[in-house]
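Subject: Structure for your review

Dear colleague,

Please find below the structure that I am handing over to you. My findings follow it, and I would be grateful if you read them with the model open.

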Amino acid sequence: MKALVVSEPSKFAIEDIPKPVAGENEVVARVRAVSICGTDAHLIAGHYPDFWPPSFPFTPGHEWAGELVEVSPGAAALGWHVGDRVCGTSHDACGFCQKCVEGRYNLCENYGNMDVHRQYGHNYQGCYAEYVLHGVKSIFRLPREMDFATGAVVDPASIALHTANRGGVRPGDTAVVFGPGPVGLLVADACRLRGAAHVIVVGRGQRLEQAAAMGNETIDFEATHPVPEILERTDGHGADVILDCAGVADTFQWSIPALRKGGRIAAVGIPVQRVDLDFQEFVLYEKELVGVRATAGEMRHVLPLVANGSIRAKDLITHRFSLDDFAEALATFNERRDGAMKVIVEP
Ligand SMILES: [Zn+2]
Ligand SMILES: [Zn+2]
């Protein structure tokens with residue numbers, strides 16, 4: 001089958017590799033659409049050495065939709081059929097450790113033990129290929145009316161819902177989202193669904209314009225310092241919840257003084273550097289900071305919300321390419337050409 005093979009950091013080609021074969025409780029799907037994720041770009045560039053991927057050559061990709069072409073007897077017993085239209089998510093956790101038993105399979109205590117745990121497109125073959133193998137725990141049935149390209153954006157939408165859930169956004173809250181990339185804009189929608197009265201997106205440029213066009217309040221951090229601006233808009237109290245989708249030192253440092261007493265920061269952007277934070281604020285004002293990793297049960301909840309348009313994943317799709325044109329697709333994504341947000345690759 002045709003697949004994207006990254007042979008070393010930033011070096012890749014479309015090659016012919018063996019088609020996967022389904023094992024116990026696994027399926028093989030014909031991949032119809034893949035959405036490029038920021039993590040793919042970092043992984044291809046070699047930014048997570050010896051971790052994602054554990055070694056090269058490697059086929060990345062984890063946001064996809066397609067149809068089942070092979071269903072193992074175990075998967076059939078669980079109700080799956082050849083021809084089922086599905087979308088995937090990356091964590092295929094052990095299902096038996098205490099974190100899995102608690103439903104927090106994104107924190108599986110057997111992560112990295114390839115006998116019982118896989119993260120597709122991160123430490124196991126991903127979906128930039130004609131076919132992909134998945135365990136049944138990480139596939140979800142597509143609603144009849146949902147096309148494959150939109151289905152490929154369900155995984156990041158589920159991460160957005162997980163972010164808003166971890167932030168504990170409540171009706172009437174003012175929520176501030178740092179970073180108007182695809183995840184940030186999906187998080188903004190998820191905050192509204194949880195009842196936020198005000199959703200303020202902080203960013204700059206074309207992506208911030210997109211945030212405004214989608215009905216968010218905005219702050220351009222190049223025009224005004226976001227901390228006094230957020231305080232001004234909240235009668236001096238600060239935001240109830242801050243959702244950090246940028247993962248850089250500046251946004252973490254802005255978050256603490258811009259947060260209301262007793263407020264919570266939920267961070268989904270992965271910082272690549274250490275960040276100095278004023279912990280006195282957390283102690284004296286009972287502020288909270290929670291991490292957000294992937295998704296933990298939100299896939300089935302987010303599917304109908306993407307289908308009915310209340311989480312606007314489909315609206316973020318700006319470009320489509322064939323797998324043969326992957327280099328151009330990745331460059332379009334990385335350089336944000338023509339306002340690129342979600343770039344779809346169709347193998
Ligand atoms: Zn992703
Ligand atoms: Zn586990």
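How many of the nine residues of strand E14 (residues 259–267) are buried? In this predicted model, the count is seven, so that strand is mostly covered.

Strand E14 and its partners

Strand E14 pairs on one side of the account with strand E13 (residues 239–244): five bridges join the two, and they run parallel. Within this pairing, Leu243 has Ala266 of E14 as its bridge partner. Between the two strands the chain passes through helix H9 (residues 249–255), and the resulting β-α-β crossover from E13 to E14 is right-handed. Strand E14 is also joined to strand E15 (residues 288–291), here by four bridges, and this pair runs parallel as well. In that pairing, Ile265 stands opposite Leu289 of E15.

The nonpolar cores

The largest nonpolar core holds 102 residues, and the members that touch the most others are Val177 and Val187. Helix H6 (residues 182–193) supplies seven residues, the largest share of this core. Where does the core lie with respect to domain 1 (2–153 + 313–346) and domain 2 (158–291)? Both domains give residues to this core, so it lies between them. Apart from this core there is another, of five residues, including Ala93, Cys100, Cys108 and Ala296.

The surroundings of Val187 deserve a separate word. When neighbours within four places in sequence are left aside, Val187 is in contact with Ala160, Thr163, Ala164, Val177, Leu243 and Cys245. One of these contacts, Leu243, is the residue already mentioned as the bridge partner of Ala266.

Helix H5

Helix H5 (residues 154–167) comprises 14 residues. From its first C-alpha to its last it reaches 20 Å, close to the 20 Å expected at 1.5 Å a residue. Of its 14 residues, 13 are buried, and the helix is thus mostly covered. After H5 comes Gly168, which has a positive phi, near 65°.

Backbone details in two loops

Most peptide bonds are trans, and most residues other than glycine have a negative phi. The following places may therefore be worth viewing in the light of that general rule.

The loop between helix H1 (38–44) and strand E4 (64–71) contains Pro53, and a cis peptide bond with omega of about -5° joins Trp52 to Pro53. Pro57 also has its place in the loop between H1 and E4; the peptide bond leading to Pro57 from Phe56 is cis, with omega near 0°. Asp50 lies in the loop between H1 and E4 too, and its phi is positive, near 60°, although Asp50 is not a glycine. Is Asp50 buried or exposed? Asp50 has 8 C-beta neighbours inside 10 Å and therefore counts as exposed.

Arg336 is found in the loop between helix H12 (326–334) and strand E17 (342–346). Phi of Arg336 is near 50°, again a positive value in a residue other than glycine. Because Arg336 has 15 C-beta neighbours inside 10 Å, it counts as partly exposed.

With kind regards

Notes. Residues numbered from 1 in each chain as written. Chains lettered and ligands numbered in written order. Predicted model: local features only at pLDDT ≥ 70, side-chain atom pairs only at ≥ 80, totals over all residues. Core = buried A, V, L, I, M, F, W, Y, C linked by C-beta atoms within 7 Å. Buried ≥ 20, exposed ≤ 12 C-beta atoms within 10 Å, placed from the backbone. Domains from an automatic or database assignment. Contact = placed C-beta atoms within 7 Å. Pairing = 2+ DSSP bridges. Right-handed = clockwise from strand over helix to strand, strands pointing away. Expected span 1.5 Å × (residues − 1).
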